[in-house]
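Colleague: I am new to this model and would like a close look at one part of it. Please start with the sheet and whatever packs against it, and then show me how that part fits into the rest.

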Amino acid sequence: MQWRGRRGSSNIEDRRGMGAAGAGGVGVVGMLAILAVGYFFGIDISPIVQELDQGQSQQGRPLTQEDQEWGEFVSVTLADTEEVWGTVLPEQAGVDYADPTLVLFSGVVQSACGGASSAMGPFYCPGDRKVYLDTDFFDMMASRMGAGGDFAYAYVIAHEIGHHVQNLTGTLGEVNRLRGQVSERDANQISVLTELQADCYAGIWARHAQQRFGSLEEGDLQEAMGAAEAVGDDVIQANAGRTPVPDSFTHGSAAQRQEWLMRGFNSGDMAQCDTFGAAGL
């Protein structure tokens, strides 16, 4: 991926090095989420649990050269999403794009959506319009999920920005309203459609980033496709030694995630990302 030498975003909030004391506790609900994600990913998260349970505080630490490199990469990728969606969203949806903030953190973090741990992976909080990211997740993608590569990591960021786009268009608000009125099975299905649309929006970003900046190098699209496969619910459940149960999916199968990512990339058109309409909703 060609990213060096381009503008970085100023909408970065760097909380790395603050430690657990700066982030606040995750609470019972957060702890359950950590345990669940650790189980599904097959990750030993006992050190995180022990640290949080004992209430240990970590002293601030200086950022390493690798930390600084990750910060630069995330900043440029975020700037790319700002430039793409700053044009695409008004043109295609008639909605002005408001830049979100991306929070870099280590270990645990506090957001308007509550406490969270890096074991939960990157997430978007509509309450404060911020994306939360511990770049250690990228290391896990490479070492434990076989989905490394800078464009794979950029896809993850673009997916979370896709949720921000959904928030600006009112989709997230409608999704949350509907999920509270239906069965667990139907709520899971709505969640899948929401995630697949964010994948499609990530594909739109990739297409326009290539057109504007010439970002893609040989093999980059395959990296993103590999990442989409690795985070499919069926793959995650199978890797955890479980039989995949489609009714329990909340993000979509590997094939679905790849399909919608490529639908966005091939079309560059938000109208082609109507996962809800495609499902008859």
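**The sheet and its surroundings**

Modeller: Helix 6 lies across strand 2, strand 5 and strand 6, and it runs at about 25° to strand 5. Helices (H or I, at least four residues) and strands (E, at least two) are DSSP runs numbered from the N terminus, and angles run from 0 to 180 degrees between the N-to-C directions of axes fitted to C-alpha atoms, for helices over the stretch in contact. This is a predicted model, in which local features need pLDDT of at least 70 and side-chain atom pairs count only at pLDDT 80 or more, while totals for chains, interfaces and linings use all residues. Residues are numbered from 1 along each chain as its sequence is written, and side-chain values use heavy atoms, with hydrogens and water left out.

The sheet itself is open, with four strands in the order 1-2-6-5 and mixed pairing. Its edges are strand 1 (12-14) and strand 5, each of which pairs on one side only, and neighbouring strands are turned by 25° against each other on average, direction ignored. Strand 2 and strand 6 are parallel partners joined by four bridges, with L102 standing opposite V131 in strand 6; two strands pair if DSSP finds at least two bridges between them. On the other side of the arrangement, strand 5 (residues 123-125) pairs with strand 6 in the antiparallel sense over three bridges, and here Y124 has V131 as its bridge partner. Strand 5 and strand 6 also form a hairpin with four residues between them, and R129 in that turn has a positive phi of about 55°.

In a regular strand the side chains alternate between the two faces of the sheet. Strand 6 is covered on both faces, since K130 and Y132 on one side are buried, as are V131 and L133 on the other. Buried means under 20% relative accessible area, exposed over 50%, and partly exposed in between (1.4 Å probe, protein chains only).

Strand 2 and strand 6 also take part in the packing of the wider protein. The largest nonpolar core has 58 residues, and F73, W85, F138, M141, Y155 and W205 have the most contacts inside it. At least two of its residues come from each of several elements, including strand 2 (101-104), strand 6 (130-133), helix 6 (150-169) and helix 8 (184-213). Helix 6 gives the most to this core, with 11 residues. Apart from this core lies another, of seven residues, among them V103, A116, F123 and Y132. A nonpolar core is a set of buried Ala, Val, Leu, Ile, Met, Phe, Trp, Tyr and Cys residues joined through side-chain atoms within 4.5 Å.

W205 shows how distant stretches meet: leaving aside its neighbours within four places in sequence, it is in contact (heavy atoms within 4.5 Å) with residues including M1, W85, F151, A154 and A158.

Away from the sheet, T275 is found in helix 12 (residues 275-278) and counts as buried because its relative accessibility is 2%. Beyond residues up to four places away in sequence, T275 touches L193, L196, Q197 and W260, and a polar atom of its side chain lies 2.8 Å from the backbone oxygen of L193.

For the whole protein, the secondary structure comes to 12 helices and six strands, and 49% of the 281 residues count as buried.

Definitions and conventions: Polar contact = N/O pair within 3.5 Å; in protein donor to acceptor, adjacent residues only side chain to side chain.
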